[in-house]
Amino acid sequence: MKIIQRKKNPKNKKIIEERQKINTKSEKRASGLQLSTNLEENYKKFQAFLKESTDIVFRKFKLGKSDIDCALIYVDGLIDKTVVHDAVLRPMMFEISKLVSELDNELSADKAYDFVLNHTISVADIKETDNLDEAILFVMSGEVALLVDGFNKIIIVSARGWPARGISDPDTEGVIRGAKEGFTETLRTNTALLRRKCKDPNMVIRTIRLGRRSKTDIAYIYIKGITNDELLKELEERLSRIDIDQIIDSGHLEQLIQDNTWSPLPQIQATERPDKAVANLMEGRILILVDNSPFALIIPSTFSQFFQSPEDYNERWIVSTFIRILRWISSFLAVFTPAIYISVVTYHPGFIPTRLALSIAATRAGVPFPSIIEALLMEITIELLRESGARLPGAIGQTIGIVGGIIIGDAAVNAGLTSPIMVIVVALTAIASFVIPTYSAAVGLRTMRFPLMIIASFLGLYGVIIGFIIINIHLVSIKSFGVNYMSPQAPTIFQDMKDFVIRVPARKMRKRPIQAYPIDMIRMDMD
Amino acid sequence: MNNKRKGLSNFQVSAIVTHSIIGLAIMFLPRRAAVYAGIDGAIATLLAGVVTVVLVVLVAILSMRHPCHTIIEYSKLILGKYLGFAYGLFIVFYTLLTASFILRGFADAMKILLLPRTPLEVIMICMILICLYCVHGGIITIARICEIFLFPVLVVIGITIVFNMPDVQLFRYRESFSHGFKPIIMGIFNIMLAYQGYEVLFFLVPFMNNSRKALYAGTGGLIIPVVVYTSLVFMAIGVIGALPTAELVFPTIHLARRIGTDFFERFDIFFLVFWILSVFTSIVIYLYMASLSLTRLFNLYNYKPFIFILIPVCYAIAMLPQNISQINILSDIINFSGILFTASSIPLLILSIIRKKRG
């Protein structure tokens, strides 16, 4: 696998360094500050950073009956208050005295910290830190900082709990037969969904933080023993090069780590489905989950993957093969139909049966525009309808689709703006593009048809075939993390053809596809 | 594991050889065969294919003796510095001329068959620009494009051949061999032009993963054109007849037009569209050979700047001929230099063995 090295331009090095200085100035950082043993000082340090915000809660209290000062710091709304009340505050304020007397012990100042840590707080997930910077980061990500007087350590109690959307149907990748759950915005829920599907301890979930200000949690998940180390190294290398204030979404991260920017097609697949994600992990690919995004990224991805749906593997192979063929044909139709229509009507009316040509000519007789204007008008209209339907709330969106589709189409024909055949072509293109299971690939393919229409209006079918060649040259020359985008078609890998246009019976898929260069090739042993 | 996949696979080499052979010639081949060999055209085509197989074997053996170099480098080694340089210059000249010839022949056919009112210049410039894009991608891109286009091109040619089968009238073959062997031999010499393109093997061996398999990959890639050409000539003569075939400008298009059905009323346009793909790959491969030879001639390694020099030259040569007879002169020059080029592999091989040059 060829590793693509992306070097920072040395000319820009100076500028980058200067910028970094400015950025660190405007960021409040606590890395220089040390924790002291005095609670009051530590408390003030926290307040210096966090006092201005109204959602930060500072709470001081005494430990049991003693005179030892304690303090809680957390972000209101990000924590589960019942946990803090029942498992932290109540034991520390009331039950601790009873406990101390039962153990015939005395709550002295030098033992208080250990006693609190080991006997009092009944929360499973507890961390310790002596770094103020880290503690502030923990507080900001929804944990509770607990300060005890006399110690320069902070106890971090994990009591995260915030209002989140529940697990629901994946909207963009619906299936008829298959799991109906999709990823949500919470990273932890998403990793839990994956764990439920794969109990292998070799499935590693590593987390890093990206974004200087947003500190977004990013988890990359792979299966040790299947995933190629070079792929992993390459991903880590690319992630380490990112220096940005905020990672908005997985789609944003995708654009920061992808290979080729000058392409309408996605080189990294995004999915909302945990079952698809785990199936891809099993093929040696790596999954990236970004906090606050319900879309997981699958790397590396190839073009043929965009035509696969998890449903294909749940249905019988003959049915799935039929649907696969349908998808490939529809992708061709979505890109080329309007261009072919324009070139046939303008240049080669002899290409189609004479009667059809005559009837097209008859319906086009009243249309005042050349076919390219007609086609552009209608194609742009349908893109407008699609976009407005997607932006409007559910019920209205559907209504707009129907109203727009039927009424505008019919009215346009009656008004003599366009011919009925053009309406059919446009409708066919729109329907065909929605057959492709991956949204971003479908959008990319749909975009290609506009330049194709324009070149077809100049050169006819010759222009269409030139467009076809250019698209193919582009597709074979791009890569996704060192994996050829058009494999298994080019370079031809006959072994991987099993899951390409034809989906062979499940019993015949004994080996993993070699697209992602997995270490362990055997998927199934059968006698 | 990963080193294996850096170069060309055997299948890719076969695909490149097939695509460089099948190109412009498929349009005119039945006419050429019918003109020179009459009703024995199919036999002559097959025999020309056999002769070409022998030549490919020679080319492959010679290349496999020098698995790390292209012909430009090892011809210098075998022939000496000055003679080798002249020989390399001849190769550049030949490949560039062939690319121009294919471009011109293609543009003429397009103008007659598909786009009668579009200027020749526009057709040629569009074609040469996408060729530039493809050649700029390097041999790996070219190989993959060949792989992808192999299937559709073969399917369309296959449909043309298979659907014409019911109309073959065997009585047209009744007088086979009646003119003796002279027309067959004449035919072989003239049909050899259609098989030109296998010279690409001279340039592919250094890029192969497994250069020891060059012989099998090369002949494997040649078998497809031999089968396609022979059956096409057989169909043309069997369906249309030897004399009418010799009169037709585009006999293959005629064959394709015959099988139009209610839905595809003009199958010939469909055929033409896919023929563009195979012509495109031929031009790309010749341009690649030309730019690579020119680069290696001066012991340079980055061939990409040379494409930008060669593309306008190629276009200018393609625009030179003013009429059909001048195009025919160009075609004769190419035919002659092509035979010279491949025939030169015999003395090169002998010299290489005598002078014990390897590697």
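Two strands count as paired here if DSSP finds at least two bridges between them, and the strands themselves, like the helices, are DSSP runs numbered from the N terminus, with at least two residues for a strand (E) and at least four for a helix (H or I). With that in hand, strand E8 and strand E10 (residues 296-299) of chain A pair in the antiparallel sense over three bridges, and within this part of the model Ala270(A) stands opposite Leu297(A) in E10(A).

Before I go on, please note that this is a predicted model, in which local features need pLDDT of at least 70, side-chain atom pairs count only at pLDDT 80 or more, and totals for chains, interfaces and linings use all residues. Residues are numbered from 1 along each chain as its sequence is written, while chains are lettered from A and ligands numbered from 1 in the order in which they are written.

Back to the sheet: it is an open one of five strands in chain A, in the order E6-E7-E9-E10-E8, with antiparallel pairing. Its edge strands, each pairing on one side only, are E6 (203-210) and E8 (269-271) of chain A. Neighbouring strands are turned by 25 degrees against each other on average, direction ignored; axes, in this and the helix figures, are lines fitted to C-alpha atoms, for helices over the stretch in contact, and angles run from 0 to 180 degrees between N-to-C directions.

Is Ser480(A), which lies in strand E11 (residues 479-480) of chain A, buried or exposed? Ser480(A) is buried, because 24 other C-beta atoms lie within 10 Å, the cut-offs being 20 or more for buried, 12 or fewer for exposed and partly exposed in between, with C-beta atoms placed from the backbone. Its C-alpha atom is separated by 9.3 Å from that of Pro266(A), 214 residues apart along the chain. Leaving aside neighbours within four places in sequence, the residues in contact with Ser480(A) include Gln267(A), Ile268(A), Ile299(A) and Pro300(A), where contact asks for C-beta atoms, placed from the backbone, within 7 Å.

Turning to chain B, helix H5 (residues 81-113) and helix H13 (residues 267-297) pack at an angle of about 160 degrees, with their axes 9 Å apart. That makes H5(B) roughly antiparallel to H13(B), given that angles under 35 degrees count as roughly parallel, over 145 as roughly antiparallel, 65 to 115 as roughly perpendicular and the rest as oblique. By class, this contact has 19 nonpolar, five polar and no charged residues, with Ala, Val, Leu, Ile, Met, Phe, Trp, Tyr, Cys and Pro taken as nonpolar, Asp, Glu, Lys and Arg as charged, and the others, Gly among them, as polar.

H5(B) also packs with H6(B), at an angle of about 130 degrees and with the axes 9 Å apart, which makes H5(B) oblique to H6(B). Among the residues making this contact are Phe106(B) and Met110(B) of H5(B), together with Ile123(B) and Met127(B) of H6(B); by class there are nine nonpolar, no polar and one charged.

Finally, the two chains meet where 29 residues of chain B are in contact with 26 residues of chain A. On the side of chain B, the elements giving two or more residues are helix H1 (10-21), helix H6 (120-136), helix H7 (139-164) and H13, and the residues of that side divide into 18 nonpolar, six polar and five charged.
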